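Biologist: Could you give me a close look at one part of this model, how its helices pack, and put that part in context for me?

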Amino acid sequence: MKATTGKRPFALTRNRLLTIIALAAFAVLAIIANSFFDAFMLRVFNMCAIYIVLALSLNLLNGFTGLFSLGHAGFMAVGAYVCALLTMTPELKEMNYFLVPIVPWLRNITIPFLPAILIAGLASAFVGFLIGAPVLRLRDDYLAIATLGFGEIIRVLITNAQPITNGAQGLKGLPRYATTFSVGVAAGIVTLFMVLLMRSSYGRAMKAVRDDELAAEAMGINVFRVKVTSFTVSSFLAGVGGALLGHMITTIDPKMFTFMLTFNILLIVVLGGIGSISGSVISAIVVTILMEALRFLDEPMNLIFFKTEGLPGLRMVVFSILLMVMVIYRQRGLMGNKEFSWDMLQGLFVKKGRKEGDHV
Amino acid sequence: MSENTSDLMLSTAHLTMKFGGLTAVSDLNLEIRKNEIVGLIGPNGAGKTTAFNVITGMYYPTEGKVLFKGRNITGLKPHSITALGIARTFQNIRLFKEMSVLENVLVACHMSINTGIFGATLHLPGYRSRESEARRFSMELLEKVGLVHLAYEKGTSLPYGQQRRLEIVRALATKPKILLLDEPAAGMNPQESRELMDFIRKIRDEFDLTIFLIEHHMQVVMGVCEHMYVLDYGVTIAHGDPASIQKNPKVIEAYLGVD
Amino acid sequence: MTLSLLFQHIVNALSLGSLYALIAIGYTMVYGILRLINFAHGDVFMLGAYVAFYGITLVSLPWWAALLVSIAFTALFGIGLERVAYKPLRDSPRISIMISAIGASFLLESLAVLIFGGRPKGVPVPDVLSKVIHFGSVSMITISLIIPLFTFALLGVLVWIVNKTKTGMAMRAVSTDIEAARLMAVDVNKVVSFTFGIGSLLAAFGGIMWSFKYPQLNPLMGMMPGLKCFIAAVIGGIGSIGGAVMGGFLLGIIEIMIVAFLSTLSGYRDAFAFILLIVVLLVKPTGLLGKRQAEKV
């Protein structure tokens with residue numbers, strides 16, 4: 001976009017056209033998938049969408065604002081539990097809370113999915129705000145450990161608050177509200193949000209905070225407020241992601257929301273490129289599919305000539321190695337901090353002279 | 001120099017900065033008037049950058065006050081001080097590494113775009129008009145300093161001299177009343193330094209600025225400063241116009257053995 | 001509470017504190033030199049325990065020989081880990097090296113699951129360490145006494161190394177200012193390797209002692225202690241060996257005291273370390289014995 005005067009008419013440039021066609025194709029694909037995919041593939045498809053939301057929520061914080069937070073699983077847990085408790089019917093709750101009955105004021109609340117998930121997101125955002133305000137004053141490595149600590153604290157609190165969360169038993173039989181449609185829409189909205197945000201002045205301010213906090217502050221940016229805002233919004237999105245996850249798997253328990261989960265999302269973000277929206281989207285899809293595809297590594301394998309016993313843990317070994325190789329040899333991940341553009345794709349096939357990028 | 005105190009842009013009263021046992025700045029009393037170009041010189045480690053950091057709010061002074069146009073700004077956060085009209089550059093160039101030349105300048109316009117996260121993301125009309133105004137303004141600034149043809153290049157890919165210029169322009173985009181430049185001529189040869197000094201004079205006139213600059217090499221600023229303060233180990237050892245500073249025995253002694 | 005029980009709690013607290021201290025030292029030394037949180041350190045602890053275990057069970061070594069072999073092996077492993085995972089990233093942004101550390105930690109854990117098997121293994125504790133001895137009405141297991149004794153001995157050696165030898169001086173130089181140390185012809189690579197070696201050695205020793213006191217191994221056994229010991233190092237003042245020791249003991253003692261006197265809260269035992277961390281970070285981020293680290297503008 002050239003910085004000319006005032007308003008620009010909506011030009012149907014080649015790039016815009018290609019983007020619209022691609023989105024339309026994707027929507028058609030999604031509809032076809034819904035009708036023809038079997039349950040397993042559909043689940044993978046849904047997981048991809050949910051991980052897009054989660055990866056973007058973490059990338060907002062780590063990649064775009066430069067805040068290394070390791071407590072993401074905690075916010076996901078808050079979102080998942082709040083949403084679950086709001087959507088479960090009293091009968092369902094009674095079935096679950098067989099050890100210790102549920103707290104009376106939660107028992108009879110049952111609301112539809114959309115308001116529930118929004119409230120869940122807000123709850124996570126609120127927790128994020130509470131945690132962020134004190135913790136964001138810390139230096140980056142201390143911030144990492146502090147957020148890790150809070151993630152763990154949240155998990156322990158959930159495990160011990162039996163009358164509210166049903167403790168270690170978790171919640172089973174959640175209504176499967178996370179349909180292909182709803183997760184697809186969620187992924188789409190979150191991606192759109194990120195794109196718009198990062199193109200805006202506020203996104204620029206976040207990137208400035210990431211690149212050089214002191215200089216950003218000297219240029220008039222209220223660095224602390226930007227950090228807290230980023231943290232809060234990221235927590236909101238994490239809460240939404242957690243709620244979607246819960247209502248797709250239909251079971252949640254505290255053991256799901258460990259540092260391991262945060263690590264998985266971090267893996268996706270790093271592989272895709274810290275600071276790249278398209279990188280996170282692509283990486284979320286690829287890693288989710290790969291995680292499922294490589295599940296066979298953990299199972300007994302029947303290679304025509306010999307059988308191997310299952311090698312549990314091999315899958316995570318592969319992914320850990322992948323992460324380390326990526327971070328050591330290609331720190332920028334797949335996309336670095338650049339976004340996918342049609343020019344880039346063209347550049348892969350045709351060696352052209354330098355052109356100005358799609359947007360500043 | 002006029003005695004008219006309503007002209008007073010920036011002043012400090014007994015400004016002292018101590019870090020544990022080390023006194024970086026001691027009893028600094030500055031008086032900088034509108035449209036002046038004032039220098040702060042001294043050997044390395046004299047406390048000049050620390051003084052800047054205190055004035056711009058990065059440190060809270062151990063003693064003393066900072067006054068901007070008569071108003072006590074001691075203890076304000078840096079971004080608030082910038083909003084009031086004090087901008088600065090850094091000794092080690094601190095451009096935003098991952099951004100283009102234009103984006104670097106646009107970041108400095110964020111203040112005037114004055115948007116919250118939702119207004120910006122939703123591209124509300126109010127935001128949109130302020131954003132395009134900021135772009136127009138930034139391009140205009142880049143044009144004035146001869147960097148507009150590099151607007152979409154990555155900021156840190158520019159040659160050193162142009163990076164320095166970019167940092168100055170970025171500070172200008174905050175629409176300051178007074179500009180603090182920390183060793184703007186560092187790493188430049190005499191010819192480049194002279195050009196930079198002409199540039200500084202030019203922007204002072206064009207943008208109606210007051211300029212306060214740190215320089216380690218005396219010769220560079222002799223021609224451009226109206227008066228100078230000389231620091232050595234945090235203490236003000238001299239103050240006056242260039243001619244008298246050059247002849248001041250204490251100043252010569254402080255610089256002895258140093259470049 | 002009987003005197004005997006109280007005494008046991010105290011001895012347990014000292015034992016746990018010693019173990020935490022041993023591990024915390026590794027974290028603090030590495031952080032002091034490289035400004036890196038070595039997430040994989042807890043897994044090195046686990047590795048030491050497993051190697052000793054296999055030394056005893058597979059190779060039928062006497063327990064003290066298995067211990068020596070294990071700590072030697074683990075020390076070398078720690079040095080190797082640094083070479084592979086951290087050295088290439090020394091000039092990279094700190095986030096990269098932290099990610100590598102997290103990756104290394106998960107790699108070690110999943111390798112352990114793969115190679116050692118995920119099911120917990122019982123440790124054959126040598127008789128001399130599991131004997132019960134009596135002081136009048138008070139009785140305790142020898143291992144609980146041995147741990148603090150050995151720990152203090154090792155700490156003494158470490159303090160001597162750091163303060164009285166050239167290598168120790170080099171370590172202190174690098175941890176204060178790595179660039180200046182380089183300019184003073186200090187072989188930074190050697191110092192870093194040495195630091196990792198010592199840290200891993202201490203962690204392995206801690207791991208083996210841990211496995212004798214709480215005789216059950218599992219691949220994730222290093223995760224919680226690892227995190228807690230990093231917290232202990234932060235509480236005591238990251239970068240300071242004395243701080244790590246103090247933090248380790250403090251944490252161990254408080255943990256046992258909670259179990260002893262506030263048993264209804266023992267579910268929160270793990271969370272407590274994190275709560276303490278947050279409090280310290282907010283009130284005095286440099287920790288009890290730490291020094292400020294200012295950034296030059």
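Modeller: Happy to! A word on confidence comes first: pLDDT is the predictor's confidence in each residue, on a scale from 0 to 100. This is a predicted model, in which local features need pLDDT of at least 70 and side-chain atom pairs count only at pLDDT 80 or more, while totals for chains, interfaces and linings use all residues. Residues are numbered from 1 along each chain as its sequence is written, and chains are lettered from A and ligands numbered from 1 in the order in which they are written.

The model scores ipTM 0.89 and pTM 0.87. In chain C the average pLDDT is 85, with 96% of the residues scoring at least 70. Helix 3 (residues 63-86) of chain C has the highest mean pLDDT among the elements of that chain, 92, and strand 3 (residues 138-141) of chain C the lowest, 75. Helices (H or I, at least four residues) and strands (E, at least two) are DSSP runs, numbered from the N terminus.

Now to chain A, which has 17 helices and 4 strands. Of its 360 residues, 49% are buried, meaning that 20 or more other C-beta atoms lie within 10 Å of the residue's own; 12 or fewer make a residue exposed, anything in between partly exposed, and C-beta atoms are placed from the backbone. Among contacts in chain A with a separation of 6 or more, 80% join residues 24 or more positions apart; a contact means that two C-beta atoms, placed from the backbone, lie within 7 Å.

The part I would zoom in on is helix 6 (113-135) of chain A. Just ahead of it, A:Asn108 sits in the loop that follows helix 5 (104-107) of chain A. A:Asn108 is exposed because it has 10 other C-beta atoms within 10 Å.

Two packed helices are described by the angle between their axes and the distance between the axes. Here axes are lines fitted to C-alpha atoms, for helices over the stretch in contact, and angles run from 0 to 180 degrees between N-to-C directions. Helix 3 (residues 72-87) of chain A crosses helix 6 of chain A at roughly 145°, with the axes coming within 8 Å. That crossing is right-handed: the near helix is turned clockwise from the far one by less than a right angle, whereas anticlockwise would be left-handed. Residues making the contact include A:Phe75 and A:Val82 of helix 3 and A:Ile117 and A:Ala120 of helix 6. By class there are 12 nonpolar, 5 polar and no charged residues; Ala, Val, Leu, Ile, Met, Phe, Trp, Tyr, Cys and Pro count as nonpolar, Asp, Glu, Lys and Arg as charged, and the others, Gly among them, as polar.

Helix 6 of chain A also meets helix 12 of chain A, where the axes come within 7 Å and cross at roughly 140°, again in a right-handed sense. A:Ile117 and A:Ala120 take part here too, and among their partners in helix 12 are A:Phe231 and A:Phe236. This contact has 14 nonpolar, 8 polar and no charged residues.

Helix 12 (223-249) of chain A leads us to the neighbouring chain, as one of the elements that give two or more residues to the side touching chain B. In total, 31 residues of chain A are in contact with 34 of chain B. Helix 10 of chain A gives the largest share of that side, 7 residues. The side of chain A that touches chain B divides into 16 nonpolar, 9 polar and 6 charged residues.
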